[in-house]
Amino acid sequence: MDRKRASDFHPELLQLFDQYVHGGVDRRQFLERAARFAVGGVTAAALLESLSPHYAWAEQVVATDPRLKVEYASCPSPQGYSTVRGYLVRPAGPSSKLPAVLVVHENRGLNPYIEDVTRRLGVAGFLAFAPDALSSLGGYPGDDDKGRDLQATLDRDKILEDMAAGAAFVRDHPASSGKLGAIGFCFGGFVTNALAVRMPDLKAAVPFYGSQPPAADVPKIKASLLLHYAGNDTRVNEGWPAYEAALKASRVEYAVYFYAGANHGFHNDTTPRYDEAAAKLAWQRTLEFLKKKLA
């Protein structure tokens, strides 16, 4: 399949797809509403296929990269789903204690894109751990639609407990310096904001297009925040003004960037919503921020 860009699709179709991947409409409803954008012999089903992730399109750091030590590891989560399994990455060879970073996936489990992001952090010199919220259901099933359906059956509070357990695991790992950061995408951005509220020892939090915590919880945040938002993401961005007001009132250290013309999910380089310029700039800012705050 030829790789397409967001500009190849009608903005209303992109918004409809955003609704679909976040549970606002089901597959049947998406196909019915997408039919009016299906022209020139292209079916609604083909449009859905074009918009969905294609993991063969992008792998920036291969799993066999000799610079890395890569493994799967499990940790207890007594307040969550008992045990959570995740992807643990660190630089290969002897090294001093490493800053620890939790990586939180989207609403579909630990897919190849998130594993690749975790390896990118390992290459950059971090001890990175990406828990799989689907651990209790057998893990990411190899298909994003199935993963999204599975994750929707889980209790959100228990998922948060699993992610907090993962954060404690990587923070306390023998290779860790004890300084902890978190980064998350979409649902993972929501989780990253939530962990900033509940974990006073979190030093740095980087939510990508994540929904915001209640304003009443913001005074609990001790972490420094780096917030990335897509300029076209009206669904998530509508919560920013209240969040910003609360951050200012509580004197929380933060930096925020809106990427003009970018769509929700712009960092994910396996879908047409990927925006190369925005993604690279956001990632550069992220690495600089994490290295500074976790030094």
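**Entry 1: Arg251**

I looked up Arg251 and found it in the loop between α9 (240-249) and β8. The model is a predicted one, and I keep that in mind throughout. I read a phi near 55 degrees for Arg251, which is not a glycine, and the value is positive. I noted for comparison that most residues other than glycine have a negative phi. Is Arg251 buried or exposed? Its relative accessibility is 79%, so I put it down as exposed, the cut-off being over 50%.

**Entry 2: Ser82**

I then went to Ser82, which also has a positive phi without being glycine; the value is near 80 degrees. Ser82 belongs to strand β2 (residues 82-91). I found a relative accessible area of 48% for Ser82, so I list it as partly exposed.

**Entry 3: the sheet**

In what order do the strands of the open sheet stand? I traced eight strands and wrote down β1-β2-β4-β3-β5-β6-β7-β8, with mixed pairing. β1 (68-77) and β8 (254-259) are the edge strands; each has a single partner strand, so one side of each has no neighbour in the sheet. I also noted the turn between neighbouring strands, which is 20 degrees on average, direction ignored.

**Entry 4: strand β6**

I next followed β6, residues 202-208, to its partners. With β5 it pairs in the parallel sense, over six bridges. One bridge I looked up there goes from Leu180 to Leu202, the latter in β6. On the way from strand to strand I met α7: β5, α7 and β6 make up a β-α-β unit, and the unit is right-handed.

β6 is joined to β7 (residues 224-230) by three bridges, and these two strands run parallel as well. Ala205 has Leu225 of β7 as its bridge partner, and Phe208 has His228.

How many of the seven residues of β6 are buried? I recorded six, so β6 is largely enclosed by the rest of the structure.

Helix α10 (residues 276-293) lies across β3 (98-104), β5 (176-185), β6, β7 and β8. I read its angle to β6 as about 175 degrees.

**Entry 5: His228**

I came back to His228, the residue of β7 that bridges to Phe208. Its relative accessible area is 0%, so I count His228 as buried. Which side chain does the side chain of His228 meet in a polar contact? I found Thr286, at 3.0 Å. Setting aside residues up to four places away in sequence, I noted further residues that His228 touches, among them Val206, Pro207, Tyr257, Tyr259, Phe266, Ala282 and Arg285.

**Entry 6: helix α5**

My last stop was α5, residues 144-152, where Asp144, Gly147, Arg148 and Gln151 are the buried residues. Why do I place them on the same side of α5? They cover an arc of only 100 degrees around the axis, so they share one side. I recalled the general rule that an α-helix has 3.6 residues a turn, so residues three or four places apart point the same way. The buried residues of α5 pack against α1 (11-21), α6 (156-171) and α7 (187-198). On the other side of α5 I found Lys146 and Asp149 exposed.

I also checked the N-terminal end of α5, which is capped by Asp143. A side-chain oxygen of Asp143 lies 3.0 Å from the backbone nitrogen of Asp145.

Terms used
Residues are numbered from 1 along each chain as its sequence is written. This is a predicted model: local features need pLDDT of at least 70, side-chain atom pairs count only at pLDDT 80 or more; totals for chains, interfaces and linings use all residues. Side-chain values use heavy atoms; hydrogens and water are left out. Two strands pair if DSSP finds at least two bridges between them. Helices (H or I, at least four residues) and strands (E, at least two) are DSSP runs, numbered from the N terminus. Axes are lines fitted to C-alpha atoms, for helices over the stretch in contact, and angles run from 0 to 180 degrees between N-to-C directions. Contact means heavy atoms within 4.5 Å. Buried means under 20% relative accessible area, exposed over 50%, partly exposed in between (1.4 Å probe, protein chains only). The arc is that of the directions from the helix axis to the C-beta atoms. A polar contact is a pair of N or O atoms within 3.5 Å; within protein, one must be able to donate a hydrogen and the other to accept it, and residues adjacent in sequence count only if both atoms are side-chain atoms. A crossover is right-handed if, with the strands pointing away from the viewer, the path from the first strand over the helix to the second runs clockwise.
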